[in-house]
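Visitor: I have just started learning to look at protein structures. Could you take me closely through a single part, and then show me how to place it among the rest?

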Amino acid sequence: MKRLILNLLFLLGCGGSLQAQIDRCPPVPYDRADLHAVVNEKIQSFKGKRESSTRGVLRIPVVVHVIHNNANGQLGGTNISDEQVLSQIDVLNEDYRRMAGTPGFNTHPSGADMEIEFFLAPIDPQGKKSTGINRVYSSRRNFNVLSEQKTLSASRYLNIWVAALSGGYLGYAEFPFGNFNGLELEEIPEEIDGVYIDYRSFGRKIGAVEAPYAWGRTATHEVGHWLGLIHTRGDDFCGTDFCDDTPQAETANRSRVCTDVYSNCRGRQTRNMIENFLDYTVDSCMNVFTQDQKSRVRAILEISERRKNLLANADLFVQATEPLTFKILGNPVTKDAVECKIQVAEARDYSIQIVDPQGRTVYAVEFTSALSQVLRIPKSKLGPGLFYLKLKSGTIQSDHRLLVL
């Protein structure tokens, strides 16, 4: 399947206004029925657990790539300020936490605190301290993210690219495709997995931001796609987003003012949920994620390995205070792999050796100038039984007993 992103160009240096842009993003390409069946199965499994997997705050490390054409590096135009970037992180946290006293709060009976928080990554891909803002200059008028993205991105984060977008769209997001518990859907390269936002709709009422998309809700909307949510109208006439608490809608709401809109689907008139972040309404109207949308996101985060690994290991992006720390995640091992969390204060060499009770090496691996990571060792490489794991790095050595069931 040809990805829509293949045709997405960043137009650097072009002027113009958002007044002609009224589409938040193109339709999300995905295998609806098959993916929904897998997601629904996971949602049902949540309901059978006493301590549901839908509970608990998740933290997502973010890198914002500001693509600009200011040769001297001066701020302005496409080279938006740090303040504008930080205002967008604030908006994401207000919206995804349904934060009281902010525009992200609502009293809707189906409204949900998504329990997801975002922070600018304090470490770059080389393990050095960072602000989480990556400024990239290009003199080219047209910038194709697929041809040069490896110089811009980092697959260990939620990447957000900010530039002047073509096609009349405010933003675009990569949907969490991949292998979902045996369901094979096309995977996109990690280097371009993220969210793309027009610089004039990124952040809140600061710098280059233009009305009526001046509240930072384009990023809230697109990150929702990145987490697996679908437009409330299902990108079809009276379509479905597979969430029972979002009423069906005949069409996207492209109004530039916040006003009630009604649809006639299934033979009855209902009011569109114009407040929902996955509708197309203007920023000032949006402030609702629903409980079913939350359940869908949490299900996606359980079955998408790429999303799950990123979110579960957010602490890897916090500057470590010890030279080297090591932990086996789940011991005895009941999953399909041994998971070891390795955290380092800076890039360093280290090795892992696993031996059986007779002292025979059954697994060994060495890393050179490596950063923090979660190492997954398939159980098939070890087999069941008792083992001894040795971690070495310079003068540091630690030994651990490992029981594989």
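Guide: Let's begin with helix α4, residues 217–226, which is mostly covered: 10 of its 10 residues are buried. Buried means under 20% relative accessible area, while exposed means over 50% and partly exposed lies in between, using a 1.4 Å probe and counting protein chains only. The buried residues of α4 are Arg217, Thr218, Ala219, Thr220, His221, Glu222, Val223, Gly224, His225 and Trp226. After the helix comes glycine 228, with a positive phi near 105°.

A few ground rules will help. This is a predicted model, where local features need pLDDT of at least 70, side-chain atom pairs count only at pLDDT 80 or more, and totals for chains, interfaces and linings use all residues. Residues are numbered from 1 along each chain as its sequence is written, and side-chain values use heavy atoms, with hydrogens and water left out. Helices (H or I, at least four residues) and strands (E, at least two) are DSSP runs, numbered from the N terminus.

Now step back from α4 to the whole chain. The protein has six helices and 19 strands, and 54% of its 405 residues count as buried. Two residues are in contact when heavy atoms lie within 4.5 Å. Among contacts between residues at least 6 apart in sequence, 70% join residues at least 24 apart.

Alanine 299, in helix α5 (residues 291–303), gives you a good example. Is alanine 299 buried or exposed? Alanine 299 is buried, because its relative accessible area is 0%. Leaving aside neighbours within four places in sequence, alanine 299 touches Val39, Lys42, Ile43 and Phe46. Glutamine 44 is 255 residues away from alanine 299 in sequence, yet their C-alpha atoms are 9.4 Å apart in space.

Glutamate 115 is another residue to find, in the loop between α2 (82–96) and β3 (116–120). Glutamate 115 counts as buried because its relative accessibility is 17%. Its side chain makes a polar contact with the side chain of lysine 294, at 2.7 Å. A polar contact is a pair of N or O atoms within 3.5 Å; within protein, one must be able to donate a hydrogen and the other to accept it, and residues adjacent in sequence count only if both atoms are side-chain atoms.

Next, look at the sheets. Strands of a sheet pair through backbone hydrogen bonds, either parallel or antiparallel. Two strands pair here if DSSP finds at least two bridges between them. One open sheet has four strands in the order β16-β15-β18-β19, with antiparallel pairing. β16 (361–370) and β19 stand at its edges with a single partner strand each, so one side of each has no neighbour in the sheet. From one strand to the next, the twist averages 15°. Such angles run from 0 to 180 degrees between N-to-C directions, with axes as lines fitted to C-alpha atoms, for helices over the stretch in contact.

Walk across that sheet with serine 351 as your guidepost. β15 and β16 are joined by seven bridges, and the bridge partner of serine 351 in β16 is glutamate 366. Towards β18, five bridges join β15 (residues 348–355) to β18 (residues 385–393), and serine 351 stands opposite lysine 392. β18 then pairs with β19 (residues 396–404) over nine bridges, where leucine 389 faces histidine 400. The hairpin of β18 and β19 has two residues between the strands, and glycine 394 there takes a positive phi near 60°.

Another open sheet has three strands, in the order β13-β14-β17, again with antiparallel pairing. Its edge strands, β13 (324–329) and β17 (373–378), each pair on one side only. Inside this sheet, six bridges join β14 (residues 337–344) to β17, and lysine 341 has valine 374 as its bridge partner in β17.

Finally, a word on trust. pLDDT is the predictor's confidence in each residue, from 0 to 100. The protein averages 81, and 80% of the residues score at least 70. Among the elements, α2 has the highest mean pLDDT (96) and strand β1 (residues 9–11) the lowest (33). Over residues 1–16 pLDDT stays under 50, and residues 50–54 also stay under 50. Where pLDDT is low, the predicted coordinates should not be read in detail.
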